[in-house]
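Grab your viewer and get ready to hunt for charged side chains that pair up. Try each exercise yourself before reading its solution.

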Amino acid sequence: MAGHDHGPSAPLSRDLSKFALVAIAAGVITIALKTVAWLLTGSVGLLSDAAESSVNLVAAVAAFIALRVVARPADRQHNFGHTKAEYFSAVLEGVMIVIAAAVIITSAVDRLINPQELEQVGIGLAISVAATAINGAVGVYLLRVGRRHRSLALQADGQHLLTDVWTTVGVIAGVLLVALTGWLALDPLIAIAVAINILVVGVRLIWRSAAGLMDAALPAEDRARIEEVLARYRTEGVDFHDVRSRESGHERFLQLHMLVPGEWTVQRSHDLSEQMEAELGELFADLRTTVHIEPIEDPRAYESWRLD
């Protein structure tokens, strides 16, 4: 029996931290703008919005640190690299989104109990709109970069910024309606509705990140594409079993047993496995494949770890 690992010759780690610097800069600017808007109007909605932007800044710093760690090459203590650092960053971001939602709800309930007139609504809303435009542009940018590089940290940061955009849109609508109708309860009620929405986003982000930390298998559609490739090779007199997969940040890992006729030479078996791995590598970026070659006639070749 023989086994080998196949992956790209170049290191899979890359430094994407420069993109997180964009989010940090946007966070500093939007916090300043939203704080001014809150001080001018006295709106609890705008206060909550500024508080979430503070969370965005902390999360962006965490993403920057995580991406710097991810860029480190594999070493003696971390043989498979440091890509899981992205999951810790994304979990932290999800937790902070949940905390921000709780802070917003708490502030809104207090304002429901103790209503307060709003002041200088026009200029306050104009400042908030400017901050929202910055967050929206940076959020879309980070999502695109994160998807292109398969970086969960950047995708989480982009999602967080877009969540902030929706928060601000809701808050602006509430403040505007208060100014038009004089119904002070609208401000905190809309703040609560927005908080519930971002709470859902935070929980989903935590769930997705936790799946990565637990070495969840590749998505069903990816596994189906892998099976299509294996099915074509089964027509050449070989078989496969114990096929396992997982993701770690932007990297994908696949391991399997390839059962070949015992009469085949090592060279023939190796050549076929290399051909198969090259085909899989064209389908999936950043894929590391480990193939264990065994004789198809040997019953022991079909032994595998138990999967419940």
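Here come three short exercises on salt bridges, each with a worked solution.

Before you start: this is a predicted model, where local features need pLDDT of at least 70, side-chain atom pairs count only at pLDDT 80 or more, and totals for chains, interfaces and linings use all residues. Residues are numbered from 1 along each chain as its sequence is written, and side-chain values use heavy atoms, with hydrogens and water left out.

**Exercise 1.** Find out how many salt bridges the structure holds.

*Solution.* Start with the criterion: a side-chain nitrogen of Lys or Arg within 4 Å of a carboxyl oxygen of Asp or Glu. With that cut-off, you get five salt bridges.

**Exercise 2.** Work out which parts are tied together by the pair glutamate 279 and arginine 232.

*Solution.* First check the contact: the closest N and O atoms of this salt bridge are 2.0 Å apart. Next, place the residues, taking helices as DSSP runs (H or I, at least four residues) numbered from the N terminus. Glutamate 279 sits in helix α8 (residues 266-283) and arginine 232 in helix α7 (residues 220-234), so the bridge ties together parts 47 residues apart in sequence.

**Exercise 3.** Take arginine 234 and aspartate 239, and decide how accessible arginine 234 is.

*Solution.* Their side chains meet in a salt bridge at 2.8 Å, N to O. Now apply the classes: buried is under 20% relative accessible area, exposed over 50%, partly exposed in between (1.4 Å probe, protein chains only). Arginine 234, at 29%, is partly exposed, and aspartate 239, at 23%, is partly exposed too. Finally, look for a network: Glu227 is linked with Arg234 and Asp239 through salt bridges.

How values were computed. Helices (H or I, at least four residues) and strands (E, at least two) are DSSP runs, numbered from the N terminus.
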